[in-house]
Amino acid sequence: MPQLRAAFIAVALVMIGVAPAQATTAPTISIEEGRTQPVFSYADAIREHVYVESSVDSDSDGRLDRVRVDIIRPRESGPGLKMPAIIDESPYYDNSGRGNESERKVYDSAGNLARFPLYYDNYFVPRGYAVLNVDMIGTTKSDGCPDVGGKADVLGGKAVIDWLNGRAPAYHADGTPAVADWSTGKAGMIGKSYDGTLANAVAATGVEGLETIVPISAISSWYKYQRSNGVIYNFNYMSYLSRVVDTDPLAKCAAVRAQLDVDADDTTGNYNAFWAERDYIAGSLGDASKVHASVFVVHTVNDLNVKPDNFSTWWEALADRNVPRKIWLGQYQHVDPFDFEGRRDLWVDTLHRWFDYWLHGVQNGIMKEPRADVQVGPTDWITQKDWPAPSASTHFFRPSADGSLNLNPGKNGETATFTDIRQSEDAMVADVGTAKPGRVAFTTGEFPRDLRMSGTPEVDLRVSLDKPTSNLTALLVDFGEDTRVDWRRGQGITTLTERSCHGESTASDSACYKKVVTNVATRPLEVVARGWIDVQNRDSLSMSSPLTPGTYAQVKWKTLPQEYIFKKGHRLGLVIAGTDSNYSGEKATGTNVTIDLHKSRVEIPLVLGVGHSLNNGDVPKDNGTWHGPQQINLPVPKTRLY
């Protein structure tokens, strides 16, 4: 009897200390406390690469561009255990690198990645995700030429989502077909700067299968990235960036780069079809109305690389369409939330829960939590229901000829005059009690208590010129000594030698990264908000309308958004000047600008203290008491300001 014989053998083996082999159970997705658990081996994960065929031929070689996709996924993934994908598409994998430590891709002898930049692979693969590092078209090991936010950039990333869902072909290095039989079809895109921009762009196409994006310091409109209301930040920038990210021989994409400069039209600075193709809010390739992916926005209010109007206008468009969303808003420069001091563990856990909810369907409550995390000081953060602060109310500050900034209009007939010269912001705000020909300045008295700006100010001036146009710069300034985030130095952080680890490591791919601390500086003033316009673009970004010299016109434009606390005893200043040499490559016009003060104002969204709106009984008066916003009379300055 075979069964009886087998039983005797088993007993004998146990008696001599030899345990019979047991059937092993392969790990599967495990969830505890609303989070997927690290049950899969990172060291044993499958590392492979494929080439996804796109729908574009950006280098005009007669072949559709193929996009290189480097993949790491749990060894157990496959037709029987499908997994979602986290995608970081980037043009920087073989040039500037990714993250604070500038990590590049490192390949093994088989051509697969031995090191995936950043921690996404180390952390998420053990928790049941595939991580894909995608070379943007025209960069690293992908075909084609980069077209800086245009059709090739966008449709290359979209093709990867299509491949994960069986709608686009892909091939192994030997030319055999590659099928993503391990994929659930659900994908999330994440990345900082250009990487996050690609996430925005692909989401704006409405591609099916892209369930969520996490754009960090990302562009939503390339026009806003390089221009402000007709004012050009950098000339010939699009061809420059295309050359930076393309490490192929220069001749290969020279014609594409030359066309970028022609189509961008630096001559006028106007918005045209070129910029519409690169506008993900209301553009020609895609727009916010097509976004069905949830969006976790991260940005910083002092990011003067990807300026914060890129997040604020995108956020507003998503809100108008009820797109599920969340936001973290810091006070650094161009910095990843992984490097916000004291919040690294919280960031990784929040990101983990976000991806779990949207890609694995884990009901962990993250969408029931406050929508916005906002930094209000070097070490201080608050959470609130939304952004801007729902309790913020708009207040109108009006300049007067005596140099004051009040909530009542100046006298009829009062004017202020300056000349459009090219100068730095430091020059614009220096010695505000001294008259200077290149700027006019106005200030409130000292605030009797803290006021918080939350949102986007708007400048509304009635001006007359002695030439057809002029560049205008508006600065809102906090006059008062304070210790603030020093975003000018090291973008606001200093990198330490000590490391923290998030995920599993191998000998060639560490999950441990250097910690940072926030840089701070004590200064007598801070430029809080800034905004620029070319007067001939006052009515339209697409068409120039020179102003007849000697006539008046209303010129209205938004500054960059901000989150900022004006401390008790500080003064708010408004500085109006011409060409800003810090952020524009343009020459000054030399135009004499006259402002009709009676019909000019700046609108500022304010909250009392950190978290209360300025309602009745909350507005400062000369004697320090508080009353309704329609009766505000702010303290007047002690010195005349020009």
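Select Trp 275 to begin: at 1% relative accessibility, this residue of the predicted model counts as buried. Add Tyr 223, which is likewise buried, with a relative accessible area of 3%. Tyr 223 and Trp 275 form an edge-to-face aromatic pair, with 5.9 Å from centre to centre and 85 degrees between the planes. Tyr 223 belongs to helix H5 (residues 222-226) and Trp 275 to helix H8 (residues 273-277), so that the pair links distant parts of the chain, 52 residues apart.

**Further aromatic contacts**

The structure holds 28 aromatic pairs. Select Tyr 119 and Phe 338 next; this pair is stacked, at 4.4 Å centre to centre and with 15 degrees between the planes. Tyr 119 is placed in the loop between strand E7 (113-115) and helix H2 (120-124), and Phe 338 in the loop between strand E15 (325-330) and helix H10 (344-360), so the pair ties together parts that are 219 residues apart in sequence. Tyr 119 is buried at a relative accessible area of 3%, and Phe 338 is buried at 6%.

Keep Phe 338 in view and add Arg 344. The charged end of Arg 344 sits over the ring of Phe 338, 4.0 Å from its centre. A second arrangement of this kind is found by selecting Arg 47 and Tyr 42: the charged end of Arg 47 sits over the ring of Tyr 42, 5.0 Å from the ring centre.

Then select Phe 296, Trp 328, Tyr 332, Phe 340, Trp 347, Trp 354, Tyr 357, Trp 358 and Trp 381, which form one aromatic cluster.

**The eleven-stranded sheet**

Switch to a cartoon representation and colour the strands in the order E9-E3-E4-E8-E5-E10-E11-E14-E15-E16-E17; these eleven strands form an open sheet with mixed pairing. Which strands stand at the edges? They are strand E9 (170-171) and strand E17 (381-384); each has a single partner strand, so one side of each is left without a neighbour in the sheet.

Within the sheet, select strand E3 (residues 46-53) together with strand E4 (residues 66-73). Eight bridges join these strands, which run antiparallel. For one position in the pairing, display Glu 48, whose bridge partner in E4 is Ile 71.

Two helices can now be added. Helix H3 (residues 151-164) packs on the sheet, where it touches E3, E4, strand E5 (83-90), strand E8 (130-135), E9, strand E10 (183-192) and strand E11 (210-216). The direction of helix H3 makes about 165 degrees with that of E5. Helix H9 (residues 309-320) lies across E11, strand E14 (294-300) and E15, and runs at about 160 degrees to E15.

**Two loop residues**

Move to Asp 61, in the loop between E3 and E4. Is Asp 61 buried, partly exposed or exposed? At 36% relative accessibility, Asp 61 counts as partly exposed. The side chain of Asp 61 reaches the backbone nitrogen of Arg 63 at 3.0 Å. Add Gly 144 to the selection: Asp 61 and Gly 144 are 83 residues apart in sequence and 8.5 Å apart in space, C-alpha to C-alpha.

Next, select Ser 404, in the loop between strand E18 (393-399) and strand E19 (405-406). Ser 404 is buried, with a relative accessible area of 2%. The side chain of Ser 404 makes a polar contact of 2.6 Å with that of Asp 402 and a polar contact of 2.7 Å with that of Asn 406.

**Strands E23 and E25**

Select strand E23 (residues 451-455). Five of the five residues of E23 are buried, so this strand is largely enclosed by the rest of the structure. Five bridges join E23 to strand E30 (residues 562-566) in an antiparallel arrangement, and three bridges join E23 to strand E33 (residues 592-608), again antiparallel. Display Met 453, which stands opposite Tyr 564 in E30 and opposite Leu 606 in E33.

The last stop is strand E25 (residues 471-485). How many of the 15 residues of E25 are buried? The number is 13, so E25 is largely enclosed by the rest of the structure. Add strand E28 (residues 520-534), which runs antiparallel to E25 and is joined to it by 13 bridges; here Phe 479 stands opposite Leu 525. Finally, add strand E31 (residues 571-577), which is also antiparallel to E25 and joined to it by seven bridges. In E31, Leu 572 is the bridge partner of Asp 478.

Methods: Residues numbered from 1 in each chain as written. Predicted model: local features only at pLDDT ≥ 70, side-chain atom pairs only at ≥ 80, totals over all residues. Heavy atoms only, no water. Buried < 20%, exposed > 50% of the residue type's maximum accessible area, 1.4 Å probe, protein only. Helix = DSSP H or I, 4+ residues; strand = E, 2+ residues; numbered from the N terminus. Pairing = 2+ DSSP bridges. Phe/Tyr/Trp six-rings, centres within 6.5 Å; stacked < 30°, edge-to-face > 60°. Lys NZ or Arg CZ within 6 Å of the ring centre and 35° of its normal. Polar contact = N/O pair within 3.5 Å; in protein donor to acceptor, adjacent residues only side chain to side chain. Contact = heavy atoms within 4.5 Å. Axes fitted to C-alpha atoms, helices over the stretch in contact; angles between N-to-C directions.
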